[in-house]
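Here is a walk through one protein model, written for someone who is new to reading structures. Keep the picture open while you read.

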Amino acid sequence: MNFKQFISANKKPSILIPQAITVIALISVIIYFATNAQINMGNRGISFGFGFLNQEASFDIAFSLIEFDGSYSYGRAFLVGLLNTVLVSVIGIFFATIIGVIVGVSRLSDNYLIAKAAEWYVEIFRNIPLILQIFFWYFAALRALPSPENAINFYDISYLTIKGWYIPKFIWTNFNLFCYSIIAAFFSIYFFLKYAKKQREEFGRILPTATISILILILLPLISFFLLDVSLSFSYPELKQLSAASYTYENGVSIIPELMALALALSMYTATFIAENVRAGVLGVSKGQKEAAASIGLNKGQILKLVVMPQALRIIIPPTTNQYLNLTKNSSLAAAIAYPDMVLVFAKTALMQTGRAIEIISITMLTYLSLSITISIFMNWYNKKMAIKEK
């Protein structure tokens, strides 16, 4: 089949021509700016390349999930910033989803106080700029915490202070085997949920999925402790005096105030929009569905879990995906309180030291684009999975 036959067999030329013109125009714009940038950089004697990523960074990072000091490269500094960005984004998405679902359902509660409290939460946190909420948690709320020597004590194992939240550190032996048992537990839960769904759809038999899933998640790791020689110990925070008026905690794990403030602000701000998505989804399910479920003896909790939410998810997921993307991109505001995310570590500190503005900004933009596309792909897959399948 030649090109003319392909066009006549698939689409009219009047449809393809505008698309071809758009593609050509886009490529032309990219080539123009790339050539122009290359000429200007050449005239100024500025070289272009990514070799600087292997150079020594010569700066420290206050909070890192992996080992880092000034002797490591800019490439590793970028990795530290990326992991910190992913960490706060995952924490924010997790808590924003939980809070959003609870608040969204609460807004539809028959209890007047619960419904009004949820409504006021949404109206207050939704209408205050996110950057101001970050400042509030960091400069006001967390600054009111006590000093290390007067820390808020949680059963002598965890301490909350103005310098951070100190929690026990897990020390594992044969940690890989424990991870395998966790993975095996999740796979077992997945196949059990598929089996429970089949039983419900074909025979009307409702299995206690939540209880059995929790038991699987507990029992399989426990088996690894007893049969696979996996053990766990704890390193507890201990108060240490640095000088006459200075104290800190050593051992354990320190969660810095910047991370707590940013996670709180992102979670509570984004949860308001997710709550409205949940409310819209639940209201989108027809009243007849709920009445039919009640007529066969289901209580309100069962109606919400088995009838309303499965249908509401098809309305909730697409706009909620946008909120997950917004949360991930809004995490770049972390630089305002010196949380060492990708923007602060790489697009600010590394850029100022190297002067590689085009390379560093391009890498940072592509990284955020990649994170957003990854979230979109996963949520679109989940959305298709939840869609009604016509037979």
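## A tour of the model

Let's start in a loop: Asn251 sits between strand 7 (247–250) and strand 8 (253–255). Before going on, keep in mind that this is a predicted model. Asn251 is not a glycine, and yet its phi is positive, at about 65°. With a relative accessibility of 39%, Asn251 counts as partly exposed.

Ala338 is another residue to look up, this time in the loop between helix 10 (300–330) and helix 11. Its phi is also a positive value in a residue other than glycine, near 65°. Ala338 has a relative accessible area of 47%, which makes it partly exposed.

Now zoom out. The protein chain has twelve helices and eight strands. Its C-alpha atoms fill a box of roughly 80 × 75 × 50 Å, taken along the principal axes. How much of the chain is buried? Of the 391 residues in the protein chain, 33% are buried. If you take the contacts between residues at least 6 apart in sequence, 64% of them join residues at least 24 apart.

Next, two pairs of helices. Two packed helices are described by the angle between their axes and the distance between the axes. Here is how that looks for both pairs:

| Helix pair | Axes come within | Crossing angle |
|---|---|---|
| Helix 6 (residues 175–203) and helix 7 (residues 209–227) | 9 Å | roughly 155° |
| Helix 4 (residues 112–126) and helix 8 (residues 257–283) | 9 Å | roughly 125° |

Take helix 6 and helix 7 to begin with. Their axes cross at roughly 155°, so helix 6 is roughly antiparallel to helix 7. The crossing of these two helices is right-handed. On the helix 6 side, the residues in contact include Phe178, Ile182, Phe186, Ile189 and Phe192, and on the helix 7 side they include Ile212, Ile216, Leu220 and Phe225. What kinds of residues make up this contact between helix 6 and helix 7? There are 15 nonpolar and five polar residues, and no charged ones.

Let's stay with helix 6. Its 29 residues should span 42 Å at 1.5 Å a residue, and because its end C-alpha atoms are 41 Å apart, the two values agree. Which of its residues are buried? They are Phe178, Ser181, Ala185, Ile189, Phe192, Ala196 and Gln199. Look at how those numbers are spaced along the helix. An α-helix has 3.6 residues a turn, so residues three or four places apart point the same way. The cover over the buried residues of helix 6 includes strand 4 (169–173) and helix 7.

Just after helix 6 comes Gly204, with a positive phi near 70°. A little further on is Ile206, in the loop between helix 6 and helix 7. Is Ile206 buried or exposed? Its relative accessibility is 51%, so Ile206 counts as exposed. The C-alpha atom of Ile206 lies 7.2 Å from that of Ala196, though the two residues are ten residues apart along the chain.

The other pair is helix 4 and helix 8. Their axes cross at roughly 125°, which makes helix 4 oblique to helix 8. This crossing is left-handed. Helix 4 brings Tyr121, Val122, Phe125 and Arg126 to the contact, while helix 8 brings Met268, Tyr269, Ala271, Thr272, Phe273, Ala275 and Glu276. Sorted by type, the residues of the contact of helix 4 with helix 8 are eight nonpolar, one polar and two charged.

One residue there deserves its own look: Glu276, which is found in helix 8. Its relative accessible area is 17%, so Glu276 is buried. Which residues is Glu276 in contact with, leaving aside its neighbours within four places in sequence? They are Arg107, Val122 and Arg126.

Finally, go to helix 11 (residues 342–354). A straight helix of 13 residues would span 18 Å at 1.5 Å a residue, but helix 11 spans only 16 Å between its end C-alpha atoms. Its buried residues are Met342, Leu344, Val345, Phe346, Ala347 and Ala350. Helix 3 (74–106) and helix 12 (357–386) are among the elements that cover them. After helix 11 comes Gly355, and its phi is positive, near 75°.

Methods: Residues are numbered from 1 along each chain as its sequence is written. This is a predicted model: local features need pLDDT of at least 70, side-chain atom pairs count only at pLDDT 80 or more; totals for chains, interfaces and linings use all residues. Side-chain values use heavy atoms; hydrogens and water are left out. Axes are lines fitted to C-alpha atoms, for helices over the stretch in contact, and angles run from 0 to 180 degrees between N-to-C directions. Helices (H or I, at least four residues) and strands (E, at least two) are DSSP runs, numbered from the N terminus. Angles under 35 degrees count as roughly parallel, over 145 as roughly antiparallel, 65 to 115 as roughly perpendicular and the rest as oblique. A crossing is left-handed if the near helix is turned anticlockwise from the far one by less than a right angle, and right-handed if clockwise. Contact means heavy atoms within 4.5 Å. Ala, Val, Leu, Ile, Met, Phe, Trp, Tyr, Cys and Pro count as nonpolar, Asp, Glu, Lys and Arg as charged, and the others, Gly among them, as polar. Buried means under 20% relative accessible area, exposed over 50%, partly exposed in between (1.4 Å probe, protein chains only). The expected span of a helix is 1.5 Å times one less than its number of residues.
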